[in-house]
Amino acid sequence: MRDFTQDHRWLSINTATVRKSRGVEVPLTDIIQACAARGIRAISPWRDQVAATGLAQVSKLVKQHGLELSGYCRGGMFPAVGADALKAARDDNRRAVDEARELNAKCLVLVVGGLPGALAGKALHKDIALSRSQVSDGIADLLDYAKTANMPLAIEPLHPMYAADRACINTLEQALDICDALDPGKTGALGVAVDVYHVWWDPKLKQQIERAGSQRLMALHVCDWLTPTTDLLNDRGMMGDGVIDIPLIRGWVEAQGFDGYSEVEIFSASNWWQLDCGEVLDTCITRHRSRV
Ligand code: ZN
């Protein structure tokens, strides 16, 4: 297992972590500057942040600072009702691949979607099996396109509490079943993003990380699970503040040959987003060295 205590060369910042500074939205340009100023070598930006700044401008800045993208957030949200909505999802995912390509991301992260309409507050049906089959079909279709763009797709299983509104793929095992069905040759075109927040509780986690192997392990996202957790989405903890044994999981992932970035991804409306962006990044560096 790599020694992270001496430097932060394998730290990546998911830009949602500093989406807000003292409660105010931070432009992606400022986030990039703040990361570069601290010797952070990689980021993983969100599409809405990139769109707000402009893809060309972000691409230019990323190159200028020599930043790598440990991933691009995000594609997915495949399930839909009706041919038009399914096509809209398909087209949007292709655009996400194109953007990830332009930014030279290591992978496009897929948050696959749950029951159509649920995220907006009203699910249009209760058929989660249908959603799962649409996810599988959607990834199959996108995979063909992503291969032509040479952009790997990383399925991110989400904690089961998000099954209705964000992702009906909730375990690494489910994600790997899709990978094995659609990419049996383990070509490197399809894999998984392991986010400790979503999978730390899973009794099969170690076994499934071993099953994934280096070809499927495309990203490692870290933060912590707070007790109590006061918000289902926006109360993630800083590494070391919660109950996840992050070094244990990183050890399992690295034992398979994963040698990529450890990406800090924290959504924290009432804590970290209320602090100064620079202070949060400094804390990420310290905790990356001591608690990851
Ligand atoms: Zn994640």
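The legends below describe close-up views of a predicted model.

**View 1. The zinc site and its protein donors.** The zinc ion has as protein donors E156 (OE), D195 (OD), H221 (ND1) and E265 (OE), which lie 2.0 to 2.2 Å from the ion. Angles among the four donor atoms run from 83 to 153°, and the site is irregular. Because tetrahedral geometry would require all angles to lie between 85 and 135 degrees, the site does not count as tetrahedral. Along the sequence, the donor residues follow the spacing E-x38-D-x25-H-x43-E.

**View 2. E156 and H221 at the zinc ion.** E156 sits in the loop between β8 and α6, and H221 belongs to strand β10 (residues 217–222), so this pair ties together parts 65 residues apart in sequence. E156 is buried, at a relative accessible area of 3%. H221 is also buried, with a value of 0%.

**View 3. The buried side of helix α6.** In α6 (residues 172–182), the buried residues are L172, A175, L176, I178 and C179. Their arc around the axis is only 155°, which places them on the same side of α6. Packing partners of these buried residues are α5 (128–148), β8 (153–155), β9 (190–195) and α8 (205–216).

**View 4. The open sheet and its edges.** Nine strands with parallel pairing form an open sheet in the order β5-β4-β1-β11-β10-β9-β8-β7-β6. At the edges stand β5 (68–69) and β6 (72–76); each has a single partner strand, so one side of each lacks a neighbour in the sheet.

**View 5. Pairing of β6 with β7.** Four bridges join β6 and β7 (residues 108–111) in the parallel sense. Y72 has L108 in β7 as its bridge partner.

How values were computed:
Residues numbered from 1 in each chain as written. Predicted model: local features only at pLDDT ≥ 70, side-chain atom pairs only at ≥ 80, totals over all residues. Heavy atoms only, no water. Buried < 20%, exposed > 50% of the residue type's maximum accessible area, 1.4 Å probe, protein only. Helix = DSSP H or I, 4+ residues; strand = E, 2+ residues; numbered from the N terminus. Arc of directions from axis to C-beta. Contact = heavy atoms within 4.5 Å. Pairing = 2+ DSSP bridges. Donors = N, O, S within 2.8 Å, 3.2 Å for Na, K, Ca; no water. Tetrahedral: all angles 85-135°; square planar, octahedral: opposite > 155°, others 65-115°.
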